[in-house]
Amino acid sequence: MFKGWIVFGLILGYLCLLFAIAYFAERRERIGKSIVSNPYVYSLSLAVYCTSWTFYGSVGKAATSGFSFLTIYLGPTLMAALWMVLLKKIIRIAKENRITTIADFIGSRYGNSLFLSSLVTLVAVIGITPYLGLQIKAIISTLTVLSGQAEGTTAAGWYITFLLGIFAIIFGARRLDASERHEGLIFAIAFESIIKLIAFLVVGFYVTYVLFGGAGDIFDKIKSSEYGDLLYIGAGTQVSYREWASLLFLSMTAIMFLPRQFHVAVVENSDIRHVSKAMWLFPLYLLIINIFVMPVAFGGLLLGGRQADADMFMLTIPMGQGNSMIALLTFIGGFSAATGMIIVESLALSTMVMNSLVMPAIFRFNEMRGFPLVILNLKRIVILGCVFFGYIFAVSIGEFYSLVDIGLKSFEAMTIFSPAIIIGLYWKRGNRIGALAGISAGFVIWFYTLLMPAMLKAGIIGDQGFFSMIFNSTILNPHALFGLQGLDRWSHSLFWGLFFNLFFYVGLSILTKQSPEEERQALIFVESIAPQALPGRADYSLQEIEAVLEQYLGRRDAAGIVDGFLFRNQVQRENLSPLDLSRLRDEAMRILSGSLGSAIATIILEDKLLITEKERGDLSLSIKQMTATLRLSRQELQEANRSLAYLKEFSENIIESAPAGIVTIDAAKRLTYWNKEMEAITGIRRADATNRRITTLLPWISINTFEKSEKRELTLQTPSQQYFKIDINPFTDPSGGFVVIFQDITEKRKMEEQLLQALKLASIGKLTAGISHEIGNPLASISSLVQELRSIPTDTRGEETFFSDSLSTINSHIERIARIVRSLGDFARISTKEKVLCSISEIIDRTLNLVRYDNRFRGIDLSMEIGEIPLVKVNPDQIQQVFMNLIINALDAMPEGGNLWIQIKTAGESIVIVVRDSGRGIDETVMEKIFDPFFSTKPLGRGTGLGLSICYGIIREHNGSINVKSRKGEGTTITISLPVER
Amino acid sequence: MKNKEFWIFLFFLGTLLFNWPFLDIFSLVLPYYFFGVWSFFILVVGIVATLKETKGRDTDV
């Protein structure tokens, strides 16, 4: 036994601890270090489902009906398997449509109907009141047990109820919160979930392993006792399979549609990905907290407890054994379980009442001074009202029923919403009239079959007169409607409730039409399409939006919201574009929805933000047209999605496997794509490249390269001596940007240079015969003269004239050989890459000096016509190679000799070099192939076929042109044009 | 089997396992059956949800 003031002090201390924890979590959120936004806190917050019903009621149910208590936890476990499909969809829709309550959700689905959301609110308040009463009853009952006296505990219950109401206000209504999330509250709920789990496990362990020899021992003992049938289900036991199935269904709908569950699972969800972990963490929590329920229930019975008192076994067993600490821990655990439910449920209910009932009645008084404070105080009153409503139920009706019985009544009430929500998420035809009729019918059945008998039992309504007539009739008996006998009350109420609900919902939805707004909302919910913004026809200013916010949230909050928006979007008050204003309007809509509900927020903004009647008509027409346009079937959209996904994968595969670097840049020259080959080429990873400017990553590309939006091809050299051929293609999209393709041609360049060198040597090879003749002649003369000089007797060497002449001749021959060797050496050395200012005529002279060594040149009649030509910037070695090639080809075409005519002249901004021969000419049929690599008209082994191809490449690199005119038997004329680059 | 179909299948399988006739079949060992199947169900959901999360696959209906 504990003194009343000790327990009260404990309660107060615990609530203060909860508040401190909540405050800590909110402070962390404000500095950007949220400790709530993670899947573990999310999963623990869902455990608000486990109330004092779990703590005490489950044990009571297990002691009276055996395993049936498990349905309350198996239902949510099974439902959790569908969360990936169902809950994620609901969360997505709720976030996109700024929905903050289940009434809002249903009202929004059926055309933003305020009337429907009001009806849902009424049903929820009446349906949940027994559940709130259950918690308060549990607190009063446990207080009675702990203090050992019943007197005064009801009054104490009143004070505790009031205290809980105050704490609910502190947690959730300190200010008219513009955000629908309350991180402090959620963290406190998660903390409470841990406390109640620990408390339950401690008590369970104590009963199972300290008072008894384990679970097996308990089950064996109970099997052989008078309570043996508690271990079975079905015929001859306390719970039939039918009731089992009904209870399972009830708990499945409860976990989804209880207002507090909707609030923590949907509204308070900060990241939809948390659902994936919650799908198994939450059922795991349910499993663990239920492990010791049966051992405690059976243990209590075996220790001599009565089934009627089984609800309190968790407390009475440790107290009966003199273990007051465990009893206190149990009380704290049970209190945790109750407070969490009361606070969250009253908050959720008060939000629904405010959004659907109060605000529609008073929003037109928004001009009144201090209107935001009025709203806030009304919300606080509603919270207290909800809590005290529960208290009244607890003290008037609650004493006649067990905790579980009271809770199941509320669970049955939540099934009323299930057709409108679940079918409404997948069936576009479901309409407002159907939903209204279905929910109304379901509520009437629930009230008549469950609540009225409870009120009768409690004496609130008398069993006489009209009530006696209908209750005792065959057709309208609340326990056997329309004469249907043999069902337990849960199955009976569930069956008729769902039957009439579905009948009216589906029937009227088929028989009646939807409004355009309902059609639009149906598309948004069923197809999960994000809601389109209202067409920007309205004329509104920042001042008007701020004024609307000020009226409902207060001046300081309104200014904070607007300033925050301006700061985040880096815009000034004076320079807001229509797009910025539209975004601010959406933000205001979101914030007002969080505080007042989306239906009322829509009305307020429509009312306030200057849409004229004509614009309303136009708007309605736009919505109709939008709805018609949006009427794509799910299948077509999915098909289109699949095709798109396939095309995307196909394109990406091609781009990623291409042997060229492919990048895309936007209009700001920032990289938006960087393929795998670019990573290999540059060593820069895609993640490091994306969003950076191309000239930062590749500084060897000039920014001017992308100045004009035109197709270009260029060759660039990097500082590391790599060559890239770059193709630049602009996007046709107005947003601009380019696709740039990089090909590493370094190896190709090297090969071209080697080829050029080989060609040079090949050219020299062709001249070998002539060169050896040219060197051989002077060498023969030198040899002959030396022999003569040696044969002259030494005493007659006074003939100095002969000696002098001979030495001069020898010297001149040596110089001639040296010239030949030098010119060969000059020609044979590896070409430079530089372009320098040169005289084309000097290059031709150098070439002719070498070609003269070819024997065939003797039979050639050379004519030169060289005009006044400027110096040009060329690579002299490469141009010399071109001339060498052309002249040798001409010699090849004139084996018996002929005419060779070379002309150099200026033509505009170019120099033109014409080389004409009177050789055998080129057949017309092969003319277009002569510049192709490896094409040759010479016999096999006489030519590589690369000469003209290389000449063509060299002239193109000099931005020049080379043309050939020829006829078989009439000679060939080759014209080269080189631009005068200075 | 697609993502969505898998979860619907698991839901109905679980509902079947926790109803008649399986409860009747295992009536003599009900406590062990309940907690055994319950644990196994949670394990399957946990493994599959974690795998799908890793692969980045999402489901929406």
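**A tour of the interface, a sheet and a helix**

Across the interface of chain B and chain A, the rule finds zero salt bridges. The model in view is predicted.

Begin by displaying chains A and B together. Select the contacting residues on either side: 32 residues of chain B are in contact with 39 residues of chain A. Between them, the two chains bury about 3200 Å², of which 73% lies on carbon and sulfur atoms. The size of an interface is often given in this way, as the accessible area lost when the parts come together.

Next, turn to the sheet in chain A. Five strands form an open sheet here, in the order E2-E1-E5-E4-E3, with antiparallel pairing. Select residues 671-674 (strand E2) and 712-717 (strand E3) of chain A to see the edge strands, each of which pairs on one side only. From one strand to the next, the twist averages 20 degrees.

Within this sheet, select residues 723-730 (strand E4) and 738-744 (strand E5) of chain A; seven bridges join these antiparallel strands. One residue to pick out is A:Asn729, whose bridge partner in E5(A) is A:Val739. Strands of a sheet pair through backbone hydrogen bonds.

Finally, select residues 555-568 of chain A, which form helix H25. Its 14 residues, at 1.5 Å a residue, should span 20 Å, and the end C-alpha atoms are indeed 20 Å apart, so the expected span and the model agree. Colour A:Ala558, A:Ile561, A:Val562, A:Gly564, A:Phe565 and A:Leu566 to mark buried residues of H25(A). Following the helix, stop at A:Gln570, where phi is positive, near 55 degrees.

Key
Residues are numbered from 1 along each chain as its sequence is written. Chains are lettered from A and ligands numbered from 1 in the order in which they are written. This is a predicted model: local features need pLDDT of at least 70, side-chain atom pairs count only at pLDDT 80 or more; totals for chains, interfaces and linings use all residues. Side-chain values use heavy atoms; hydrogens and water are left out. Helices (H or I, at least four residues) and strands (E, at least two) are DSSP runs, numbered from the N terminus. The expected span of a helix is 1.5 Å times one less than its number of residues. Buried means under 20% relative accessible area, exposed over 50%, partly exposed in between (1.4 Å probe, protein chains only). Two strands pair if DSSP finds at least two bridges between them. Axes are lines fitted to C-alpha atoms, for helices over the stretch in contact, and angles run from 0 to 180 degrees between N-to-C directions. Contact means heavy atoms within 4.5 Å. Buried area is the accessible area (1.4 Å probe) that two parts lose on being put together, summed over both. A salt bridge is a side-chain nitrogen of Lys or Arg within 4 Å of a carboxyl oxygen of Asp or Glu.
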